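This report describes a single chain, moving from its overall dimensions to a sheet, its nonpolar cores and one residue in a helix.

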Amino acid sequence: MDALNSVRAYHQRSKHGFGRYAASPGFMDWETQPNPFRRFADATQSPLPLAADKLAVLYADLFDPGKITPTLMDKASVGILLELSFGLSAWKQYGGDRWALRCNPSSGNLHPTEAYLVVSGIAEMEEGVFHYVSHDHALERRCQFNPPFQGLLVGLSSIHWREAWKYGERAFRYCQHDIGHALGALRYAAAALGWRVRLLDAWGDDDIAGLLGLNRQADFAGAEAEAPDLLCLIETGHAVDGEPDIDRLVDTARAGIWTGQANTLSHTHNFDWPVIDEVCTAAHKPRTEALPDGGIQAGIVVEPRSPMLGELTASALIRNRRSAQTFDGVTSIPAKTLYRLLEATLPLANKPPFDAWNWPPRVHLVLFIHRVDGLPPGVYLFCRSADAESTLREAMKEGFDWETCEGCPGHLRLFRLIRADARQAAITLSCQQAIAGDSAFSLGMLGEFEAGLAEGPWVYRRLFWECGLIGQVLYLEAEAAGFRGTGIGCFFDNPVHELLGIEDTAWQSLYHFTVGGALVDGRLQSLPGYWHLER
Ligand SMILES: Cc1cc2nc3c(=O)[nH]c(=O)nc-3n(C[C@H](O)[C@H](O)[C@H](O)COP(=O)(O)O)c2cc1C
């Protein structure tokens, strides 16, 4: 089978349907639960300062270009970048169990994403390739070399096993969602320091693996492999910025002095999911032409942000972000809040996080509106780009209303398809999860599947990244508005398409999300993310 058909076949077999879930263990195999923290034995570890508390930047200011003076890049500020993107946000405790949460969310809290830094010419920091250990808020030095560029790169990889342990074959999708969330988390954290993130879209997977040492098989002997995903340049606006030459950088890193042996995350694997390795190979990204800078210039008027934001600092909001586990089933949100959330998902060139996204938008939202003041309950469509409307109209069944919404700002392409109580439908479609119906609204993310894949099989992963990035926007914006969100990876794929009358694979629902008034489980005790470190 060629790579494209292999990706298509994976997508079909990893679908959930009524009465048929994608293959998985079907139970929690606690005995082989993966260690959530990767470490490299023998790599020198250097602790980073915990300084995010001192960052007084307001969340609202992240979207006001020029408002935040770029922080000087040094060890302390790089520490803040990592603390607010991939660092621990809290520990939860119940009975004898204690588990860590992180600023970046993850399906099942399993955290397949690993973060790496390539450092050169940064005050108080050594040069080389480093692995970030979120548990210790520390860097492990993997490679000692003199990078032929000045500045900071952040690379992300995925340990598919962490998700596959619980979710089996569907896990590859969740790892990609998590990468999108992680990119969003990185972009918001960088914005809080007045920095920008440039996704280096030209880099191929082999280039990233070579630079980060992920292809050093001996270093991963007996340990779970890491698949390369993406690489970003962090721009401070200071003179050190400049995009590195791929071959020169990779070649110099290869010739560096490497140390560290990856830890084994599960002492044994009782289940094997070869299809994940197959789709990983099929969706391998080659080196491509670099695209112009990210985001689209939409020339729209941005709604003023809610005065509720008040003095909310970015670091408090980012660290307080949580997934709702239960919604109260009564809270409604103002229509204005919904519009602001939708607007925040637009791919704008001058706003985080989509200013870090160079590719054209291929994901649009189908909303199940349950409790939004001033909007009748029903199924709605939000197009994130102008050209999606006509193709989506063609792809969906006839007979939808396509009504515009009274009071909705003109630049938001929100259409009501049907007036209906969609609560039960949303619950049923989300693998019977009540969070999809007890919220104010839930949504499915419709990806332009075949058109995306026509660019190359690796775009399969990018579609999920885009969904994760939208998810991260919704998480933070919901939290900022006093509500809460939750990602929904478990949904019945084709039944969602059937509801919309989508008959082929031109469009596919790739991720779901829900937002509303959360109920907090008072039985859980909460501890600060780094209470265990005494600095
Ligand atoms: C890609 C993705 C899929 C998720 N799917 C579900 C889901 O189907 N049901 C659910 O209750 N929570 C889901 N979650 C929420 C996670 O369980 C949650 O992010 C994780 O437990 C960490 O908690 P936190 O978000 O509060 O840090 C999902 C999260 C992500 C990022």
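The paragraphs below take the global figures first and the local details afterwards.

The model is predicted, and its chain contains 14 helices and 24 strands. With 535 residues, a compact globule would be expected to have a radius of gyration near 24 Å, and the value of 22 Å found for the chain agrees with that expectation. Along the principal axes, the C-alpha atoms occupy a box of roughly 65 × 55 × 50 Å. Of the 535 residues, 52% count as buried, and among the contacts with a separation of 6 or more, 82% are between residues 24 or more positions apart.

| Property of the chain | Value |
|---|---|
| Radius of gyration | 22 Å |
| Box along the principal axes | roughly 65 × 55 × 50 Å |
| Buried residues | 52% of 535 residues |
| Contacts 24 or more positions apart | 82% of those with a separation of 6 or more |

Among the strands, 3 form an open sheet in the order β4-β3-β24, with antiparallel pairing. The edges are taken by β4 (97–102) and β24 (525–528), each of which has a single partner strand, so one side of each is left without a neighbour in the sheet. From one strand to the next, the twist averages 25°. Strand β3 (residues 88–94) is joined to β24 by 4 bridges, the two running antiparallel, and Gln93 has Gln525 as its bridge partner in β24.

In soluble globular proteins, nonpolar side chains tend to be buried together. Here the largest nonpolar core has 152 residues, within which Leu117 and Cys232 have the most contacts. At least three residues of this core come from each of domain 1 (27–90 + 99–282) and domain 2 (322–519). When residues up to four places away in sequence are not counted, Leu117 touches Phe130, Tyr132, Leu139, Leu152, Leu153 and Val154. A second, separate core of 5 residues includes Leu88, Ala90, Leu101 and Tyr530.

A further local example is Tyr167, which is found in helix α3 (residues 160–167). Tyr167 counts as buried because it has 25 C-beta neighbours inside 10 Å, where 20 or more are required. Leaving aside neighbours within four places in sequence, Tyr167 is in contact with Ser24, Gly108 and Tyr174. Tyr167 and Ala22 are 145 residues apart in sequence, while their C-alpha atoms are 8.5 Å apart in space.

Definitions and conventions. Residues are numbered from 1 along each chain as its sequence is written. This is a predicted model: local features need pLDDT of at least 70, side-chain atom pairs count only at pLDDT 80 or more; totals for chains, interfaces and linings use all residues. The radius of gyration is taken over C-alpha atoms; the globule rule is 2.2 Å times the number of residues to the power 0.38. A residue is buried if 20 or more other C-beta atoms lie within 10 Å of its own, exposed if 12 or fewer, and partly exposed in between; C-beta atoms are placed from the backbone. Two residues are in contact if their C-beta atoms, placed from the backbone, lie within 7 Å. Two strands pair if DSSP finds at least two bridges between them. Axes are lines fitted to C-alpha atoms, for helices over the stretch in contact, and angles run from 0 to 180 degrees between N-to-C directions. A nonpolar core is a set of buried Ala, Val, Leu, Ile, Met, Phe, Trp, Tyr and Cys residues joined through C-beta atoms within 7 Å. Domain bounds come from an automatic or database domain assignment.
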